[in-house]
Amino acid sequence: MDLEYLNKILAAGIKNGASDIHLKVGRAPMYRMDGMLREIKAPKLAAEDTRSVAETLLKGHLSAPDINALTEFDSSYQLEGTGRFRLNIYRQRGTITLVLRVIPIEMPTFKGLGLPPVMEKIAEQERGMILVTGITGSGKSSTLAAIIDHINTNQTSHILTLEDPIEFLHPDKMSSVSQREVGQDSEDFSNGLRAALRQDPDVILVGEMRDFETIDIALKAAETGHLVLSTVHTTDAPSTIGRLIGVFPAEQQAGARLRIADALKAVISQRLVRRADGKGRVPAVEIMRSNLSIRECIKDPMKTSEMKGFIERGRDTEGTQTFDQHLTDLYRAKLISMEDAVAASSNPTDFQRALHFE
């Protein structure tokens, strides 16, 4: 497979609305469309096909001997005039496999993503921590890009990002944006984040908070007057609190609760749900914003279970919402089916009962 053929596959994938393109030995290229993998009408790929593509895409990154020893590698690829891709190359059964995630050229907006108006208020926080959570492929990167673009468009700030790899390219608008790629511009997230504190940022985006050191430094950044944005692979606000606290040693967890309660400003959790008309997916979004009640729920482990109730009751006054509240809205607007709404709900039994009695 040569680069011209690969580019045709990628361009066709974007044209057909694919979110990911898979290249695997023994299969024709596959597109993920509306959450489902679909094989395209093309010859099956041989080992030399995926190998040649990897060599082409990794030129300048790895030498041939390094490719022979490659087990997995993250990078990015740009097809001029068409789109950008987050690239992951890995080895399975001794052969090279590639997955390319489509990164739209057009900068995402809150309205375009189907996110509620309260996102603007969240993005306008001066300091603290904002987390976007969800499983892989739930749209976290797009939401973060929309937050960064809103700040970039409306504020004179220094925005510094640490990404693995860089996805959306942010041109300077009102703000100055410095984008650093882990592995190329910085050794890792924790070292890059530590260095960021000496680079006069107002806003710091950390691609993912994976470990104790990164989370600890991110909290320190939020505590010292910076706005910190990041992602966590959790399903909702309560589980996000549990994940953050869980990385700390047992003897530090009480103190960590106090730090997180003071620093955390919002948690936006996302799930993508199939549209009822079959034309793509829509985000179901839970939004938690910090207030006195939420901070008490974070500080006291016995009160964490009360967080959902405060999120529900804050809908009219603070713009917060649970997954089930938003799923109800999407169902009533006929954007999603009852079956998919129930499947995506946090508590299917309670969700159906609430709809029935309304």
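Reader: Ala, Val, Leu, Ile, Met, Phe, Trp, Tyr, Cys and Pro count as nonpolar, Asp, Glu, Lys and Arg as charged, and the others, Gly among them, as polar. On that basis, how do the residues lining the largest cavity divide?

Author: Bear in mind that this is a predicted model. The lining of the largest cavity divides into four nonpolar, two polar and one charged.

Reader: Which residues are those?

Author: The largest cavity is lined by Met288, Arg289, Asn291, Ile294, Phe310, Ile311 and Thr320. Strand S13 and helix H12 (307–313) are the elements that give two or more residues to this lining.

Reader: What volume does the largest cavity have, and how many cavities of 30 Å³ or more does the search find?

Author: The volume of the largest cavity is about 30 Å³. Searching the whole structure turns up one cavity of 30 Å³ or more.

Reader: Pockets, then. How much space lies in the second largest one?

Author: The second largest pocket holds about 260 Å³ of space. Its lining has 14 residues, and Glu312, Asp324, Gln325, Thr328 and Ala354 are the closest to its centre.

Reader: Which element supplies the largest share of that lining?

Author: Helix H14 does, with five residues. H12, H14 and helix H16 (348–357) each contribute at least two residues to the lining of the second largest pocket.

Reader: How does that lining divide by residue type?

Author: The lining of the second largest pocket has three nonpolar, three polar and eight charged residues.

Reader: Back to H14. Why is it described as largely enclosed?

Author: Because seven of the 10 residues of H14 are buried. The cut-off for buried is under 20% relative accessible area. The buried residues are Phe323, Asp324, Gln325, His326, Leu327, Thr328 and Leu330. Asp324, Gln325 and Thr328 came up above, among the residues closest to the centre of the second largest pocket.

Reader: What comes just after H14?

Author: Lys334 is there, with a positive phi of about 65°. Lys334 is a residue other than glycine, in the loop between H14 (323–332) and helix H15 (338–344).

Reader: Is Lys334 buried or exposed?

Author: Lys334 is exposed, at a relative accessible area of 71%.

Reader: Where else is there a positive phi in a residue other than glycine?

Author: At Asp200, where phi is near 50°. Asp200 sits in the loop between helix H7 (189–196) and strand S10. Asp200 counts as exposed, with 63% relative accessibility.

Reader: Different topic: where is the cis peptide bond with omega near -5°?

Author: It runs from Asp164 to Pro165. Pro165 belongs to the loop between strand S8 (158–163) and strand S9.

Reader: Now the sheet of seven strands. What is the strand order?

Author: The order is S9-S8-S10-S11-S7-S12-S13, in an open sheet with mixed pairing. S9 (176–181) and S13 (281–289) are the edge strands; each has a single partner strand, so one side of each is left without a neighbour in the sheet. From one strand to the next, the twist averages 15°.

Reader: What about S7, is it enclosed or open to the outside? Why?

Author: S7 is largely enclosed by the rest of the structure, because six of its six residues are buried. Gly128, Ile130 and Val132 are buried on one side, and Met129, Leu131 and Thr133 are buried on the other, so to speak for both faces: they are covered.

Reader: Which strands does S7 pair with, and in what sense?

Author: S7 pairs with S11 in the parallel sense over six bridges. S7 also runs parallel to S12, joined by five bridges.

Reader: What stands opposite Met129 on each side?

Author: In S11, Val228 is the bridge partner of Met129. In S12, Leu264 stands opposite Met129.

Reader: And what stands opposite Val228 in S10?

Author: Ile204 does. S10 (residues 203–206) and S11 (residues 227–232) pair in the parallel sense, over four bridges.

Reader: Which strands does helix H10 touch?

Author: H10 (residues 253–263) packs on the sheet and touches S7 (128–133) and S12 (264–274). The direction of H10 makes about 80° with that of S12.

Technical notes
Residues are numbered from 1 along each chain as its sequence is written. This is a predicted model: local features need pLDDT of at least 70, side-chain atom pairs count only at pLDDT 80 or more; totals for chains, interfaces and linings use all residues. Side-chain values use heavy atoms; hydrogens and water are left out. Two strands pair if DSSP finds at least two bridges between them. Axes are lines fitted to C-alpha atoms, for helices over the stretch in contact, and angles run from 0 to 180 degrees between N-to-C directions. Contact means heavy atoms within 4.5 Å. Buried means under 20% relative accessible area, exposed over 50%, partly exposed in between (1.4 Å probe, protein chains only). On a 1 Å grid over the protein atoms alone, a cavity is a set of points where a 1.4 Å probe fits but cannot get out, and a pocket is an open set with protein on both sides within 12 Å along at least five of seven lines; lining residues have an atom within 4 Å of a point. Grid points are joined across faces, edges and corners, and a volume is the space filled by probe spheres set on the points.
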